[in-house]
Amino acid sequence: MKNTKYRMESLALYDYKNVEEHLSAMAAGGWRLEGIGARLWKYRRAEPAEIHYAVTYIRDASQFNPGPTEGQQSLEELCAAAGWYKVTDWFQMQIYCSEAENPIPLETEESVRLETVHRSMRRNYLPSNILLLLLSLVMLGLFVRTLIADPLRVLESNANLFLGPLWLLLSVTLLVTLAHYGLWYRRSRRSVAQGGPCAVPGDVRWINWVGFAFLIPWTALYLLSYLAQGLSGPVVYFLLHMLIICLIILLLRKITALLRRKKASFGLNLFLTLLADVVLAAVLMGALTFAAFKGGWFSARNGETYTYAQEPWDVSPVDLPLTVSDLTGEEYSHVRRYEYNQGSVLVSRRSCRETVREGEERLWLSCEITKPRRWLYPLVLEDALAPSEDEAFGEIVWEEVPAAPWGAEAAYRRILGGDPVDTWLLVFPDRLAELSPGWDLTPEQMALAGQQLKSA
């Protein structure tokens, strides 16, 4: 039987009333608070008992202080004399307990309580959460603007589809919690001014549980969307990314605690903790990103290569929907292939490129197959045919050409800076295929390419 357990609590820093009631209920159930971490509260098993908890606030308390401040020491002495004993602290919040049947109240002046709570909120909670709210609103605004002006940029990306609702969720959560505190503070000021107590904060934990109830299945759906496309690399990257974030938080808490034991000053502790945060994030996240791209987590290229004529070539080339050998009917001694699957569950894109070499002969072939959902097909086709600009060559447009040689419903050739180039866009009933060969295709090769891409 475990004697300790951790719980993720969603209590707010100013919500002293619910903190007191929650801890008393936990003690009655045989669990007493032992410490509060970054996200988890630690409880120790004990005999069920009626324990009274009281919460007060010290403005200059901080996890970066080398030890308890004079204010904290004086408070502990006064509380001990009244039968209250320190349990732990959480930023400026100081948590005490008493086993007395009717303990002396810690806070007797409601105006003092309100002022200390508000000063603590202004120091810690409000600045960071207001900045986070502004950031989330800006990101949400950019998401909505893109969704209206260029919806395909959102719909063709699993990441954009995932992040947009998360910015909305974060904005709503922060708005509710900040508004809840603002309303409580206004009601409390009015009540205290009339000689009454602070207003009952009310329980706002529901907004966090609603957020988690959405976040967990939404994240699972996001990861499953990659697995449905046969892409395990992005899933591994995401999970390791989250693991590294948790590891960084744990290491930073350990560093802060170590510096505190070493009696480092507030400023030095804060500086070294922030420096460690930057270094750890840069090193660990950089290493993860390097490993992802080096290991081909986002592509299907075979990692094992050999060198010929000072170039890398694949030992076991991956399978592609269309290869140079398919079109020429010849086999080549040296082959290098890339495949990159992107897009989303709504619009999938499969980009492929192959380079082959036989003696001095060298050929290449690239293609991109786009498969949208049926209701998105017109939008995808319109976007593919839209004119664009190239900084070096000027305007890029598509000129319709006969589709019969390709066996397609429609075919277009790219016009770059007024000159036709060997890039074609083939339109099939359920997909688009953009093809760029490194040589002039014969009619037979055109028909074969169309047949292969139509069923790939």
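The second largest pocket is lined by 20 residues. Tyr16, Lys17, Glu20, Tyr53 and Arg113 lie nearest its centre. Three elements each give two or more residues to this lining: α1 (16-28), β4 (52-57) and α3 (110-149). The largest share comes from α1, with 5 residues. By type, the lining divides into 12 nonpolar, 2 polar and 6 charged residues. The space in the second largest pocket is about 370 Å³. All of this is read from a predicted model.

Two of the elements around that pocket, α1 and β4, lead on to a sheet. Strands of a sheet pair through backbone hydrogen bonds, either parallel or antiparallel. Here an open sheet of 3 strands runs in the order β4-β6-β5, and the pairing is antiparallel. β4 and β5 stand at the edges with a single partner strand each, so one side of each is left without a neighbour in the sheet. From one strand to the next, the twist averages 25 degrees.

Now look at how β5 and β6 meet. Strand β5 (residues 85-90) and strand β6 (residues 93-98) pair in the antiparallel sense over 5 bridges. Which residue of β6 stands opposite Thr88? That residue is Ile95. Elsewhere along the pair, Tyr85 stands opposite Cys97 in β6. The two strands form a hairpin, with 2 residues between them. In the turn, Phe91 has a positive phi of about 55 degrees.

Helices pack on this sheet. α1 touches β4 and β6, and its direction makes about 150 degrees with that of β4. Helix α2 (residues 70-81) also packs on the sheet, touching β4, β5 and β6. The direction of α2 makes about 15 degrees with that of β6. So α1 has two roles to follow in this model: α1 packs on the sheet, and α1 gives 5 residues to the lining of the second largest pocket.

Next come the aromatic rings. A pair of aromatic rings is described by the distance of the centres and the angle of the planes. The structure holds 15 aromatic pairs. One of them joins Tyr14 and Trp184, with 5.8 Å centre to centre and 35 degrees between the planes. This pair is tilted. Tyr14 lies in the loop between β1 (4-8) and α1, while Trp184 lies in helix α5 (residues 158-193), so the pair ties together parts that are 170 residues apart in sequence.

Further along the chain there is another sheet. This open sheet has 8 strands, in the order β9-β10-β11-β16-β15-β14-β13-β12, with antiparallel pairing. Which strands stand at the edges? They are β9 (334-343) and β12 (388-390), each with a single partner strand, so one side of each is left without a neighbour in the sheet. Neighbouring strands of this sheet are turned by 25 degrees against each other on average, direction ignored.

Start from the β12 edge and walk inward. β12 and strand β13 (residues 394-401) run antiparallel, joined by 3 bridges. They form a hairpin with 3 residues between them. Ser388 has Ile396 in β13 as its bridge partner. Ile396 also has a bridge partner in β14, namely Leu416. β13 and β14 pair in the antiparallel sense over 6 bridges.

One step further, strand β14 (residues 410-416) is joined by 6 bridges to strand β15 (residues 419-427), and these two run antiparallel. Here the bridge partner of Ile415 in β15 is Pro420. Helix α11 (residues 443-455) packs on this sheet, touching β11 (361-372), β15 and β16 (432-437). The direction of α11 makes about 140 degrees with that of β16.

Notes. Residues numbered from 1 in each chain as written. Predicted model: local features only at pLDDT ≥ 70, side-chain atom pairs only at ≥ 80, totals over all residues. Heavy atoms only, no water. Pairing = 2+ DSSP bridges. Helix = DSSP H or I, 4+ residues; strand = E, 2+ residues; numbered from the N terminus. Axes fitted to C-alpha atoms, helices over the stretch in contact; angles between N-to-C directions. Contact = heavy atoms within 4.5 Å. 1 Å grid on protein atoms, 1.4 Å probe; cavity = no way out; pocket = protein on both sides within 12 Å on 5 of 7 lines; lining within 4 Å. Points joined across faces, edges and corners; volume = space filled by probe spheres on them. Nonpolar A, V, L, I, M, F, W, Y, C, P; charged D, E, K, R; others polar. Phe/Tyr/Trp six-rings, centres within 6.5 Å; stacked < 30°, edge-to-face > 60°.
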